[in-house]
Amino acid sequence: MFDYLVSECQQDWQEYIQHEFVRGLGDGSLSKESFQHYLKQDYLFLIQFTRAWGLAVYKSDNFEDMRYGQAGVNAMLDTEIQLHIDYCKDWGISEAQLLQENEASATVAYTRYVLDQGLSGDLLQLHVALAPCLIGYAEIAKWLLAQEFTQLEGNPYRPWIEMYASKEFQTAAEYEKVVLARLSEGLESSRKQKLVKVFRTATRMEVAFWDMGINRTF
């Protein structure tokens, strides 16, 4: 299902995966100010992302899917958000600053779109809306490591790249592909096309999130 979605949205997907922001991470040329702005907004994104995992539990109709959603919530609340806070400190951003940060319009648009798809649709629709983030960052890390322009030595963004290239994160992304495949078994063509629209919009939202980071806009 994931490969099908990407093939149907190839141009938008490439704009996301190969964005100027991403390339700047790879060669280390991205400005510190842009990355700091992105980090602060990503913290706010993670808050809403946690709510989406909670919604996944609600939308589940069996224990397997409920446990998967619960694992997502637990990972965010118990580990991921604190790791992000600690990482922000390495970039000179205090937890107090994160708490005071206003949501950029791109952050609001993206996160509320994902939540809206989950609220108005079923569990599969929610996962399709989440996929560009859940799987996309793993794909970005793999793409960067395959590019000649990527420089890890002396690159301040090396920890970011290596975090998403890690075996743990790559395994989580691969499992999400399995979940998408399982939830989409036997889908009619008309339903698939509706999900393509959801995936394309969420991918475009990711592009807008990178744009927001580079331009440091609210």
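Helix packing and burial: how the words are earned

User: Why are α7 and α8 called roughly antiparallel to each other?
Analyst: Their packing angle is about 155 degrees, and angles over 145 count as roughly antiparallel, so α7 and α8 earn that word. Angles run from 0 to 180 degrees between N-to-C directions, with axes fitted to C-alpha atoms over the stretch in contact. The helices themselves are DSSP runs (H or I, at least four residues), numbered from the N terminus. This is a predicted model in which local features need pLDDT of at least 70, side-chain atom pairs count only at pLDDT 80 or more, and totals for chains, interfaces and linings use all residues. Residues are numbered from 1 along each chain as its sequence is written, and side-chain values use heavy atoms, without hydrogens and water.

User: Which residues of α7 and α8 meet?
Analyst: Among them, Tyr110 and Val114 are on the α7 side, and Leu126 and Ala129 are on the α8 side. Contact means heavy atoms within 4.5 Å.

User: What makes glutamine 41 count as buried?
Analyst: Buried means under 20% relative accessible area (1.4 Å probe, protein chains only). Glutamine 41 has 0%, so it counts as buried. This residue lies in helix α4, and its contacts beyond four places in sequence include Glu101, Thr107 and Phe218.

User: Where is the kink in α5 centred?
Analyst: On methionine 76, with a bend of about 45 degrees. The bend is the angle between axes fitted to the seven residues ending at a residue and the seven starting there. Met76 is also one of the buried residues of α5.

Key: Helix = DSSP H or I, 4+ residues; strand = E, 2+ residues; numbered from the N terminus. Buried < 20%, exposed > 50% of the residue type's maximum accessible area, 1.4 Å probe, protein only. Parallel < 35°, antiparallel > 145°, perpendicular 65-115°, else oblique.
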